[in-house]
Amino acid sequence: MALERYSRQMLFKPIGEEGQAKILQSRAVVVGMGALGTVVANHLVRAGVGHVRIIDRDIVEHSNLQRQILYTEEDAARNLPKVIAAEKRLKKINSEVLIEPILSDVNLDNAEELLVGFDVIIDGTDNFLTRYLINDVAIKHGIPWVYGGAVSSRGMFATIIPGKTPCYRCLFPQVPQGLGDTCDTIGVLSPITDIIGSFEAMEALKLLVGAETNPNLDQLDIWYNSFLQMDISEGHDPNCPACVKHEYEFLDRTSDKQIVFTSLCGRDTVQINPRQKIRLDFSETAERLKKSGKVEMNPYMLRFSPNEDITMVFFLDGRVLIHGLSDPVQAKNYYAKYNG
Ligand SMILES: [Zn+2]
């Protein structure tokens, strides 16, 4: 029987055969394939979600292996993009579902194109701005989404259903200034990302089978053993720009919320995303850059180190990640100097 592989979750009454049939026909998109995203995608693909789109903008690094469960030392050594490494692994786990890797940043130019048409959006990002952007797309198009975040030994998650629950902006009305605590400044433990990612995947599966989701914003600390449930059912902000006024500031090019030069979440990395889309010629670029430093490449990215401290990772669409600095002005200078 073809459904044999799902027998144990079909024996669970609230899912059953009917729920499994829904899962097999569902479409889910996971934004960010770091610690949370890899856990989420692993569960969804094993559960049989028919179409799983995975989106990430970065490559696998050795410091990811402690918690990003789909990747191996070989993926890091080969500088594979996370989505390519994840697709390879996920296809081995379940060859019967469609796994669609998208090597891209999610920004206002492509967010609707990348996220609309899915039954659920799951947050595997590491930054507030992308979450507000996901929230705008979700509210505008009526797509439920699951928020999750983890840093240090703490994590939290909530399920946002447009028209029913408060939205992410109701819960977090102020866009945090600066970077705050991030996994690159205070670290992160693998058991907490595993747990939060698992809760997110469970909420997504509940949404897909039409079951009741968690009405709380849950907060956990895996080291100090605390578990806090905040009932958010009355948490609507009567003046919420997103779910009340339907003003989608994070999708609005004229809004002051837009930035071209995004400093990534506390990572000593700046991303430069040129407004004009291009198709970068890797061999030509490699030829040119070889004179100024070390160049490595694969079909997905070109990695260039002009000195010991700085590494620039070029992608085919012209996007560049500059590792080793956090000042956007300095990053712009490197970009201008080496982008030709
Ligand atoms: Zn709201």
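# A zinc site, two cores and some well-placed pairs

The four residues that hold the zinc ion follow the spacing C-x2-C-x69-C-x2-C along the sequence. Keep in mind as you explore that this is a predicted model. Besides the zinc site, you can look for a nonpolar core of 38 residues, 13 salt bridges and ten aromatic pairs. Here is a tour, topic by topic.

**The zinc site**

- Which atoms coordinate the zinc ion? They are the SG atoms of C167, C170, C240 and C243, at 2.3 Å.
- The angles among these four donor atoms run from 96 to 121 degrees, and the site is tetrahedral. For comparison, the ideal angle for four tetrahedral donors is 109.5 degrees.
- Is C167 buried or exposed? C167 has a relative accessible area of 0%, so it is buried.
- C170 is buried too, with a relative accessible area of 8%.

**The nonpolar cores**

- In soluble globular proteins, nonpolar side chains tend to be buried together.
- The largest nonpolar core here has 38 residues, and the members that touch the most others are M33, L44, I54, L90 and I122.
- Several elements each supply at least two residues of this core: the strands β1 (27-31), β2 (51-56) and β4 (120-123), together with the helices α3 (35-47), α5 (82-93) and α10 (190-209).
- L44 is a good residue to click on. Not counting neighbours within four places in sequence, L44 is in contact with A28, V30, V49, V52, I122, A201, A204 and L205.
- There is also a second, separate core of 34 residues, which includes A111, I121, I143 and W145.

**Salt bridges**

- How many salt bridges does the structure hold? The count is 13, and three of them are described here.
- In one, the side chains of R78 and E74 meet at 3.6 Å, N to O. R78 has a relative accessibility of 43%, so it counts as partly exposed. E74, at 49%, is likewise partly exposed; the cut-off for exposed is over 50%.
- In another, the side chains of D75 and K88 meet at 3.0 Å, N to O. This pair links distant parts of the chain, with D75 in helix α4 (residues 73-77) and K88 in helix α5, 13 residues apart.
- The two partners of that bridge sit in unlike surroundings: D75 is buried, with a relative accessible area of 1%, whereas K88 is partly exposed, at 34%.
- The side chains of R131 and D123 also form a salt bridge, at 2.6 Å, N to O. Both R131 and D123 are buried.

**Aromatic rings**

- A pair of aromatic rings is described by the distance of the centres and the angle of the planes.
- A search of the whole structure finds ten aromatic pairs. Why does the pair of Y132 and F250 count as stacked? Their ring centres lie 4.9 Å apart and their planes meet at 10 degrees, and planes under 30 degrees apart count as stacked.
- Y132 and F250 link distant parts of the chain: Y132 is in helix α7 (residues 128-141), while F250 is in the loop between β8 and β9 (261-263), 118 residues apart. Both Y132 and F250 are buried.
- Y334 and Y338 make another stacked pair, because their ring centres are 6.3 Å apart and their planes are at 20 degrees.
- Both of these tyrosines lie in helix α12 (residues 328-338), where Y334 and Y338 are four residues apart, about one turn of the helix. Y334 is buried at 17% relative accessible area, and Y338 is buried at 10%.
- Which residues do ring pairs link into a cluster? The cluster is made of Y132, W145, Y147, Y168, F172 and F250. W145 is also a member of the second core.

**Two loop residues with positive phi**

- S152 has a phi near 55 degrees, a positive value in a residue other than glycine. You will find S152 in the loop between β5 (145-151) and β6 (154-160).
- N225 is not a glycine either, yet has a positive phi of about 55 degrees. N225 belongs to the loop between β7 (216-221) and β8 (226-231).
- Are these two residues buried or exposed? S152 has a relative accessibility of 19%, so it counts as buried. N225, with a relative accessible area of 65%, is exposed.

How values were computed
Residues numbered from 1 in each chain as written. Predicted model: local features only at pLDDT ≥ 70, side-chain atom pairs only at ≥ 80, totals over all residues. Heavy atoms only, no water. Core = buried A, V, L, I, M, F, W, Y, C linked by side-chain atoms within 4.5 Å. Buried < 20%, exposed > 50% of the residue type's maximum accessible area, 1.4 Å probe, protein only. Contact = heavy atoms within 4.5 Å. Donors = N, O, S within 2.8 Å, 3.2 Å for Na, K, Ca; no water. Tetrahedral: all angles 85-135°; square planar, octahedral: opposite > 155°, others 65-115°. Salt bridge = Lys/Arg side-chain N within 4 Å of Asp/Glu carboxyl O. Phe/Tyr/Trp six-rings, centres within 6.5 Å; stacked < 30°, edge-to-face > 60°.
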